[in-house]
Amino acid sequence: MPVTAIVGVQWGDEGKGKIVDMLSDRMDIVARYQGGANAGHTVVIGQDKYVLHLIPSGVLRKGKTCLIGSGVVLDPEAFLTELDELTARGFDVRGSLFVSGRAHLIMPYHKLIDNASEKDTGGTKLGTTGRGIGPAYADKASRTGLRVADLFDPGYFSDRVRQAVSQKNAMFSNLSGDGGVDAEKIIESYLGYAERMRDYVGDCGSMLRKALAAGKSVLAEGAQGTMLDLDHGTYPYVTSSPASVGGVCVGLGVPPNSVTEVLGIMKAYTTRVGEGPFPTELEDADGQRLRDDGDEYGATTGRPRRCGWLDAVVGRYGVQINGIGSIALTKLDVLDGFDEIKICVGYQSGGKRYDNMPEETRLLENVTPTYETHPGWKSSTAGVDSYDDLPDGAKRYIDRIEELIMAPVSIISTGESRSATIIR
Ligand code: GDP
Ligand code: IMO
Ligand code: MG
């Protein structure tokens, strides 16, 4: 019963989309298990670029089944927009794409509350994507959420929306002084979405368990990254879902022993979007160079990503939490021009050394990274597809990363295209 889990090791945008697209070729099913349209997974095929927010990146491979599991929070408007875009670009997904009826719905008031909370000067600004993710997961946990299956019971759905709206409007008027949303308009638009979604809804958990019993292979596509995980990340500067490997079983409805392989996706340096601690952040010319050469601008919100050196404490933590068997190291080519490349091997704070991720986010905000400096290789790795063709300096950088994070690097990505990949 093989499930291969793909997890981001850092703060998201590690290049999961590219690697999922590459691996989907030899998989039967690709399934998203958590998050929502906050994700932006980029796949480049020839001259064409696709950015997927909700639909699994495997959709770009013909003949694959793509599932959106119960652990995802689904914005029907975003889903239908993405579906229309794919259809317009020649991808026919009817009969091969399904959303779990158990997935929770993102409602218009979730987006309003998300954005109003971010503007609330008395609160902690997180720099969310504004997609309503946190409020939707909060309703799920407080058992006031609405699920995809509810869309197909119009009487029940309408009553629940009216109930929710009266509560949310009170909260919304506290946050923004505004009147909030109109329940009847929401009901009308969501029941409209339901008609368009009908053919795409199914019991994804059951489909997956049957497929596994029949020996089919499943790729579980993670969104965000381990450091954004609700439990194990830099709380409260996290997303609201289990972005680490634990989310696979919860969000797909498959048993833990079905997950036979965990591949961690890790960028050869570090980026982060939004607020929160980032020990190796560079606010100098090197940081700007990483942003320019790596084209580090958010795939969902277009925000410039914060950039810094690779943090091996983060890498090791991700390997341990997720049981990562091997790493896909991405964007190696972005480091090509640097004279020197640094790796953070530990932190210092208050005269103490930290080799492992501290629990306290406040402490992490104030640590001083301890760096090792490696000479740059100063030659192009862009598009290199064979390990032997990598410059020696790049090989030494990879060897050192393996030692520090205690996991082998099995895939090296040297460009955005499918062919710019080394499989070891
Ligand atoms: P994801 O959220 O983890 O799927 O990553 P994103 O798509 O948000 O961001 C990764 C970006 O880097 C995308 O624009 C990819 O096309 C690009 N990319 C992926 N791998 C490589 C690589 O090895 N080299 C370069 N230069 N770009 C890459
Ligand atoms: P992919 O799948 C990078 C960040 C946001 C913010 C925090 C909470 O493309 O790697 P949210 O909207 O989830 O409540 O925001 O999480 N964030 C991401 N950062 N990549 C992502 O997804 C992200 N999804 C959310 O910037 O800091
Ligand atoms: Mg992304």
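Domain bounds here come from an automatic or database domain assignment. Keep that in mind as you click around, and remember that this is a predicted model.

**Stop 1: the domains**

Colour the chain in three pieces: domain 1 (3-100 + 200-262), domain 2 (104-196) and domain 3 (265-423). Now show domain 1 and domain 2 on their own. How far apart do the C-alpha centres of these two domains lie? The answer is 23 Å. Where domain 1 and domain 2 touch, 24 residues of domain 1 and 19 residues of domain 2 take part in the contact.

**Stop 2: the largest nonpolar core**

Next, select V248, I327, L329, L332, L335 and Y397. These have the most contacts inside the largest nonpolar core, a set of 54 residues. Which helix gives this core its largest share? Select residues 392-405 and you have it: helix α12 supplies six residues. Domain 1 and domain 3 both contribute to the core, so it lies between them.

Zoom in on L332 and show what is around it. Setting aside residues up to four places away in sequence, L332 touches A268, W377, T381, L390, A394, Y397, I398, I412 and S413. There is also a second, separate core with 52 residues, including L23, M27, Y190 and Y193.

While helix α12 is still on screen, pick E403, which sits in that helix. Is E403 buried or exposed? It is exposed, with a relative accessible area of 53%. Draw a distance line from the C-alpha atom of E403 to that of N257 and you should get 28 Å; the two are 146 residues apart along the chain.

**Stop 3: the largest pocket**

Turn on a surface and look for the largest pocket. In general, rolling a probe the size of a water molecule over the atoms shows where empty space is left. Here the largest pocket holds about 900 Å³ of space. To find its middle, select T128, T129, V238, T239 and S240, which lie nearest the centre among the 47 lining residues.

Now add three helices: α3 (108-119), α4 (133-141) and α5 (154-176). Each of them supplies at least two residues of the pocket lining. Which element gives the largest share? That is α4, with six residues.

**Stop 4: the cysteines**

Show every cysteine sulfur. How many disulfides does a search of the whole structure find? Zero. Start with C66: the closest cysteine sulfur belongs to C204 and is 11 Å away, which is too far for a bond. C66 counts as buried, because its relative accessibility is 1% and the cut-off for buried is under 20%.

Then jump to C344, which is in no disulfide either: the nearest cysteine sulfur, in C307, is 16 Å off. C344 is buried too, with a relative accessible area of 0%.

**Stop 5: helix α7 and the loop after β10**

C204 leads you to helix α7, so select residues 204-213. Which residues of this helix are buried? C204, G205, S206, L208, A211 and L212 are. An α-helix has 3.6 residues a turn, so residues three or four places apart point the same way. Just past α7, G215 takes a positive phi of about 85 degrees.

Keep going to the loop between β10 (218-221) and α8 (246-252), where P236 sits. Most residues other than glycine have a negative phi, and most peptide bonds are trans. Look closely at the bond joining Y235 and P236: this one is cis, with omega at about 5 degrees. Q224 is in the loop between β10 and α8 as well. Its phi is positive, near 55 degrees, and Q224 is not a glycine. With a relative accessible area of 8%, Q224 is buried.

For another positive phi in a residue other than glycine, try K378, at near 50 degrees. You will find K378 in the loop between β18 (368-375) and α12.

**Stop 6: L363**

Last, select helix α11 (residues 361-365) and pick out L363. L363 counts as buried at 18% relative accessibility. Which residues is L363 in contact with, leaving aside neighbours within four places in sequence? They are S349, Y354 and P358. To finish, draw a line between the C-alpha atoms of L363 and G350: these residues are 13 apart along the chain, and the line spans 9.6 Å.

Technical notes. Residues numbered from 1 in each chain as written. Chains lettered and ligands numbered in written order. Predicted model: local features only at pLDDT ≥ 70, side-chain atom pairs only at ≥ 80, totals over all residues. Heavy atoms only, no water. Disulfide = S-S within 2.5 Å. Buried < 20%, exposed > 50% of the residue type's maximum accessible area, 1.4 Å probe, protein only. Core = buried A, V, L, I, M, F, W, Y, C linked by side-chain atoms within 4.5 Å. Helix = DSSP H or I, 4+ residues; strand = E, 2+ residues; numbered from the N terminus. Contact = heavy atoms within 4.5 Å. 1 Å grid on protein atoms, 1.4 Å probe; cavity = no way out; pocket = protein on both sides within 12 Å on 5 of 7 lines; lining within 4 Å. Points joined across faces, edges and corners; volume = space filled by probe spheres on them.
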